[in-house]
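User: Please take me through the model shown below. I will ask about the loops, the sheets, the core and the ligand shell in turn.

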Amino acid sequence: MSMTLEAYKELEAVVGERNISNKPWVLAGNRARTPEYPFEYHSPDAIILPGCTEEVQEIVRICNRHRICFVVTVSGASVDAYANRGDTVLIDLRRMNRIVEINEEDRYAVIEPGVRHVQLYPELRKKGFTYVTAAVGPGGSVLANYTSTSGDNHNQHGASRANRYLLGVEMVTPEGEILRTGSLQTGSGWFCPDGPGPGLRGLIKGFFGSHGQMGIITRAAIALNPCKGPREIRTEGHSPHQHIYLDSECSKVRVFNYKSLDDVREAMLRIGEAEIGSTVMKFFYLTLAVMMTDSANEFHKLWPRIRRELPMPLVVHLATESPEEMAYEEGILNDIVEETGGVRIAPDLENWWNEHMDFFMVVSVLQRTLRLGGGWMPIKLGADSVSHIVEVGKSISEFIYDYTDTGKIFDAPENFQIVPMEYGHFAHIELLFMYDRTDPNSGKNVAEFRKTSRYTDLKHHYHAETLGCLNETTELLGPLYCNYHLWMRALKNAFDPENLANPILKE
Ligand SMILES: Cc1cc2nc3c(=O)[nH]c(=O)nc-3n(C[C@H](O)[C@H](O)[C@H](O)COP(=O)(O)OP(=O)(O)OC[C@H]3O[C@@H](n4cnc5c(N)ncnc54)[C@H](O)[C@@H]3O)c2cc1C
């Protein structure tokens with residue numbers, strides 16, 4: 001540890017002895033919560049838990065005075081929520097966990113960073129509202145997802161990504177100034193993200209979020225959607241054997257298998273054109289087999305069947321306001337599926353979705369992907385038109401067999417999802433792969449696989465990976481996105497001249 005005692009004492013004076021630590025075992029426990037990723041992890045010099053915006057501001061000012069880097073963490077499901085070099089303090093925002101306001105008239109909620117999906121979602125659903133929820137699971141920070149990380153989600157076909165729903169924001173800049181954006185700066189409340197004057201939403205969040213490199217967001221307002229489908233949720237059993245039902249004529253899940261990606265594209269575009277459906281997605285088949293089973297042994301029993309019967313599943317959730325609307329949407333869906341060559345899957349497999357409706361709400365079942373105990377990683381994560389993204393999906397077969405056929409990664413070459421958004425005006429892709437973390441070569445193989453995927457995108461000029469913070473990926477792919485890397489660097493220099501806020505890129 002290289003933080004001086006003087007700096008530590010100054011930080012301690014801000015939050016009190018109970019809310020800061022430099023004990024080696026506490027720091028070691030906050031080094032990484034995703035150790036299967038073959039990255040380099042560092043211990044922070046201290047971990048500090050502020051309780052309000054003013055304390056965050058003081059901490060940032062002290063860090064600036066002593067030239068200490070700072071990284072924010074909440075649930076730490078993201079690899080960028082940890083120290084990436086020495087001389088770093090981890091700012092854990094879990095104490096700032098208040099739902100400040102739920103405005104039912106103007107349909108927004110004001111939250112602090114420590115508010116988790118499991119806290120906000122039930123509160124809002126009771127009042128007839130919902131919001132787009134990342135698949136990170138119940139413990140993820142809502143604010144982190146809306147302001148600082150990606151924001152893609154499984155309901156974005158009938159809704160959108162989190163960036164579209166961000167309203168007023170309060171943040172502490174990397175130099176320790178408190179900034180309030182949108183309608184908030186004129187004292188008119190939280191309802192509007194921009195103006196008067198230049199909008200700062202692009203700078204704070206953009207499309208993907210900057211992982212805390214442009215400052216620390218201490219409160220944010222997010223816009224809410226009306227909740228379609230029933231408000232009552234019926235549950236049975238306990239995790240990991242929980243069943244969650246939405247008993248209603250206004251909620252139905254249908255799953256179809258397709259033989260070609262071109263047909264999937266056609267179905268997605270036509271469902272979007274008809275503006276029906278809450279969720280539409282070509283889902284990952286390997287991930288699905290993990291989600292459907294309660295143990296690794298069960299997974300290995302089911303996987304051959306899923307691979308055979310469901311290589312290209314299209315999952316559709318219809319959620320409507322009335323049974324009549326449901327009959328209308330179902331009729332259109334059936335026609336489109338018939339005309340595009342989809343085949344409804346076996347009832348026992350389709351029923352799994354009806355028994356796990358948490359997938360469409362707080363997405364708790366997706367956490368099971370972590371259960372196999374090996375290594376896993378999502379790549380690509382970009383977005384463009386449905387047709388462009390389907391071409392990206394097709395290009396995966398150009399390089400993946402070198403890795404699946406040789407055992408470098410798990411043999412599931414079609415394990416990618418494509419999720420359209422805003423009724424097919426855009427689509428997102430995620431390629432999720434698993435590997436044996438006990439293999440001494442896994443780090444090398446994973447790095448090589450990621451690189452090959454990126455160079456394939458560069459070769460085809462594909463927008464398959466979205467850029468957010470300043471890191472190696474941004475440097476490599478920036479030229480594909482109007483020199484994003486140069487603009488991001490200039491903004492970062494203006495906001496954070498000492499490069500203290502989560503400086504991921506090794507210069
Ligand atoms: C199984 C799994 C599934 C996931 N699925 C999705 C998904 O569907 N969609 C999606 O978008 N993401 C997904 N993620 C990625 C990521 O975990 C989420 O985006 C998540 O919402 C981030 O919340 P968190 O509490 O984990 O944040 P953390 O991991 O604690 O932080 C995330 C990043 O944001 C920064 N940060 C956090 N809070 C602030 C703040 N207040 N101010 C400034 N910077 C801040 C951190 O420094 C870090 O770089 C998934 C992750 C896992 C493990």
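**Loops, sheets, core and ligand shell**

User: Between which strands is the loop that holds Tyr423?

Analyst: Residues are numbered from 1 along each chain as its sequence is written. The model is predicted: local features need pLDDT of at least 70 and side-chain atom pairs count only at pLDDT 80 or more, while totals for chains, interfaces and linings use all residues. Helices (H or I, at least four residues) and strands (E, at least two) are DSSP runs, numbered from the N terminus. On that numbering, the loop with Tyr423 lies between strand S19 (416–421) and S20.

User: Is Tyr423 buried or exposed?

Analyst: Tyr423 has a positive phi of about 55° although it is not a glycine. A residue is buried if 20 or more other C-beta atoms, placed from the backbone, lie within 10 Å of its own, exposed if 12 or fewer, and partly exposed in between. Tyr423 has 21 other C-beta atoms within 10 Å, so it counts as buried.

User: How does Arg107 count by its C-beta neighbours?

Analyst: Arg107 is in the loop between S5 and S6, and its phi is near 60°, a positive value in a residue other than glycine. Because it has 15 C-beta neighbours inside 10 Å, Arg107 counts as partly exposed.

User: Which strands stand at the edges of the five-stranded open sheet?

Analyst: Strands pair if DSSP finds at least two bridges between them. The sheet has the order S5-S6-S10-S8-S9 with antiparallel pairing. Each edge strand has a single partner, so one side of each is left without a neighbour in the sheet; the edges are strand S5 (99–103) and strand S9 (178–180).

User: What angle does helix H3 make with S8?

Analyst: Axes are lines fitted to C-alpha atoms, for helices over the stretch in contact, and angles run from 0 to 180 degrees between N-to-C directions. Contact requires C-beta atoms, placed from the backbone, within 7 Å. Helix H3 (residues 53–66) lies across strand S8 (166–172), S9 and S10, and its angle to S8 is about 50°.

User: How many bridges join S3 to S4?

Analyst: S3 belongs to an open sheet in the order S1-S2-S4-S3, with mixed pairing. Val71 stands opposite Leu90 in S4. S3 and strand S4 (residues 88–92) run parallel, and the number of bridges is five.

User: Which strand gives the largest share of the largest nonpolar core?

Analyst: A nonpolar core is a set of buried Ala, Val, Leu, Ile, Met, Phe, Trp, Tyr and Cys residues joined through C-beta atoms within 7 Å. The largest has 136 residues, of which Phe70, Ile91 and Ile222 touch the most other members. Its largest share is seven residues, from strand S20 (residues 426–435).

User: How many residues of the shell around the ligand are charged?

Analyst: The ligand is surrounded by 34 residues (C-beta atom, placed from the backbone, within 6 Å of it), and the closest are Ala77, Ser78, Ala135, Asn145 and Gly212. Strand S3 (69–73), helix H5 (142–147) and strand S10 (216–223) are the elements that give two or more residues to this shell. Ala, Val, Leu, Ile, Met, Phe, Trp, Tyr, Cys and Pro count as nonpolar, Asp, Glu, Lys and Arg as charged, and the others, Gly among them, as polar. The shell divides into 15 nonpolar and 17 polar residues, and the number of charged ones is two.

Key:
Two residues are in contact if their C-beta atoms, placed from the backbone, lie within 7 Å.
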